[in-house]
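Good morning, everyone. Please have the model open on your screens. I'll walk you through it piece by piece.

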Amino acid sequence: MARQNYLFTSESVSEGHPDKVCDRISDEIVDLVYREAKKSGMDAWDVRVACETLATTNRVVIAGEVRVPKSLLKQDKNGNILEDAKEFPIINPSKFKSVARKAIRAIGYEQSGFHWKTAKIDVLLHGQSADIAQGVDNAADKQGEEGAGDQGIMFGYACRETPDLMPAPIYYAHKILELLAAARHEGKGEAGKLGPDAKSQVTVRYVDGKAKEVTQIVLSTQHLDGSWDSKKVRKVVEPYILEALGDLEIAKDCNWFINPTGKFVIGGPDGDAGLTGRKIIVDTYGGAAPHGGGAFSGKDTTKVDRSAAYAARYLAKNVVAAGLADRCTIQLSYAIGVAQPLSVYVDLHGTGKVDEGKLEDALRTVMDLSPSGIRKHLDLNKPIYAKTSSYGHFGRKAGRDGSFSWEKTDLAKALKDAVNGKERAAA
C-alpha cells in the first residue's frame, strides 16, 4: 500500500539558469528551422534537429545535426548549396547566431561576463547522418508511417494534487520562479533588481495522501545590487513566494532558506557552465514520477524522447481528467525505425476505476502512437518550443498558437467510451 503521510521535495530553476539558457537557445533553433521550413515550402515532416548548446563566460557553442531548408544553408553566388568533404551541406551560421543572441537578450543577460551583444557564438551544426535519417525515412516508405528516430522509453504522469493535474512540489516551485521572473521583466520595484539566474525548492507534507502544507522553502536568486544580503533578498522575494503558494498552507515551523550562502551577484553562464538537457527532472514531474532519461530541448518531434513524452503526458492527463483514476503513470517504448510503440504500460497506483490492462488497449484505440500519429494528433510541426524551455514542459496552459497542446483534456470522453465499450464487449 502506498504511503499516506510523508514529505516530498521538488526543485525548479529559472530561465536564466545556465542549463536553461542552453535549453532556450536549442529550442529557439528548433523553432527557427520550423519557421524557415514553412517559409520555403519545405515539408515540416522533413525537418530534423538535434541541437546541443554549451554556455560559459561570454561564450556559446552550438553543435549537432540538422536537416534544414535551403535558406539556412551556405550558397555560392549562383545559389548552389555548398557542401563539405563529407558531402554534408554547410550551415549558414548567421541566422543561428541571431536567434541565440535574441534568446540571451530576452532572458535578460547584459552583464560583463555574459552579454547578448558581446558573447562569442560558435555554430558547429552539420547535416543529419544518413544512417540515422534512414530509420525514420525508410520506415515511412515501407510502413506508410514514420519510424521512431531512436529507441527509448518515455513516461507520462498526472494526478489530482493541483488544478493542472501536476504534483504539488514541482507545481509550486515553478510558480515561485515564474512570478519572480515576471516581476523582474516588468521592473516591479526592487524585484526589478533581481538577476536572471535563480533556483527554488519546495518541500510539501502529505497527510492521508494529500498535499497539506509546505515545510521547507529554498530560494537562491541572483541580485544585481552587490550590497544586498540574505535578509534584504527575503524582504524582496517573500511576497511573491506567498502569492505563488496561494491557498497551500505554510507550516508554523516552516524553514525558509533564502540565498543561504549570502551574496549572489555573479550568475548564469559566467558563474557556472550550462548544457542543454541537464534539467530533465525540472522539465517533467520533479521526481514524483519516472523519467525515461531523454531530454526534450533542441529536438524535433521525430525524436520520441520529446514527442512520445508529450503523448504520454497527454494520455495520463486525460485518464485523470476522465475520472478513470486519481493518479496515472504511462510508459511508452520505441525502437529506431519502428513506427508503433513496442509496449504501452499503465499504472493507476491503486486509484483506478477501470482495469489497467483494458485501459492500455483503449489508449492504442483512441490515439495513433506512431511518431507521425502523435505529431498529427497534437499538431507538433510548429515553432512552439522556445516557451517550453523553462518552468516545465507540463502543467502549462495550451496556447492559441498550438503550444502545449498535450495539456488539453479533449480526449477524456473518447477514453471513457473506449474503456466502457471494451468492458461491455468482455461482458
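**A walk through the model**

Let's start with one residue, Q331: with a relative accessibility of 18%, it counts as buried, because the cut-off for buried is under 20%. This is a predicted model, so keep that in mind throughout. Q331 sits in strand β12. Which residues does Q331 touch, not counting those up to four places away in sequence? On the list are I153, M154 and F155. S343, V344 and Y345 are on it too.

Now look at the sheet around that strand. It is an open sheet of 3 strands, in the order β7-β12-β13. The pairing is antiparallel. Which strands are at the edges? They are β7 and β13, and each of them pairs on one side only. On average, neighbouring strands here are turned by 15° against each other, direction ignored.

Zoom in on β12 and β13. Strand β12 covers residues 327–334. It is joined to β13 by 5 bridges, and the two run antiparallel. Find I330, and opposite it in β13 you will see V346. Next, find T329, whose bridge partner in β13 is D347.

Strand β13 spans residues 343–347. It has two faces. Which residues are on the covered one? V344 and V346. The uncovered face has S343, Y345 and D347.

There is a helix here too. Helix α7, residues 304–321, lies across β7 and β12. Its direction is at about 30° to β7.

On to the other sheet. This one is open, with 4 strands in the order β1-β8-β9-β10. The pairing is mixed. Its edge strands are β1 and β10, each pairing on one side only. The twist from one strand to the next averages 15°.

How many bridges join β8 to β9? There are 11, and these two strands run antiparallel. Strand β8 covers residues 194–207. One pair to find is L194 and its bridge partner in β9, H223. Helix α4 lies across β1, β8 and β9. It runs at about 155° to β8.

Now the pocket. The largest pocket has a volume of about 580 Å³. It is lined by 24 residues, and the closest to its centre are Y6, E161, Y206, G209 and R327. Which elements give two or more residues to that lining? They are β1, residues 6–13, β7, residues 152–159, and β9, residues 210–223. By type, the lining residues divide into 13 nonpolar, 5 polar and 6 charged.

Next, two residues with a positive phi. L165 is one: its phi is about 60°, although it is not a glycine. You will find L165 in the loop between β7 and α4, the helix of residues 168–186. Is L165 buried or exposed? Its relative accessible area is 11%, so L165 is buried.

D379 is another. It is not a glycine either, and its phi is positive, about 55°. D379 lies in the loop between α9 and α10, which covers residues 412–426. With a relative accessible area of 38%, D379 is partly exposed. Why not buried? Because buried means under 20%, and partly exposed runs from there up to 50%.

Stay with α9, residues 371–378. S372 is in this helix. At 9% relative accessibility, S372 counts as buried. What does S372 contact, leaving aside neighbours within four places in sequence? W45, E145 and E146.

Last stop: R105. It is in helix α2, residues 93–107. Leaving aside neighbours within four places in sequence, R105 is in contact with E110 and W116. Now pick out D150 as well. How far apart are R105 and D150 in space? The C-alpha to C-alpha distance is 34 Å, and along the sequence they are 45 residues apart.

Let me recap with three places to revisit on your own screens. Go back to Q331 in strand β12. Then find the largest pocket, with Y6 and R327 among the residues closest to its centre. Finish at L165, in the loop between β7 and α4. Thank you.

Conventions: Residues numbered from 1 in each chain as written. Predicted model: local features only at pLDDT ≥ 70, side-chain atom pairs only at ≥ 80, totals over all residues. Heavy atoms only, no water. 1 Å grid on protein atoms, 1.4 Å probe; cavity = no way out; pocket = protein on both sides within 12 Å on 5 of 7 lines; lining within 4 Å. Points joined across faces, edges and corners; volume = space filled by probe spheres on them. Nonpolar A, V, L, I, M, F, W, Y, C, P; charged D, E, K, R; others polar. Buried < 20%, exposed > 50% of the residue type's maximum accessible area, 1.4 Å probe, protein only. Pairing = 2+ DSSP bridges. Axes fitted to C-alpha atoms, helices over the stretch in contact; angles between N-to-C directions. Contact = heavy atoms within 4.5 Å.
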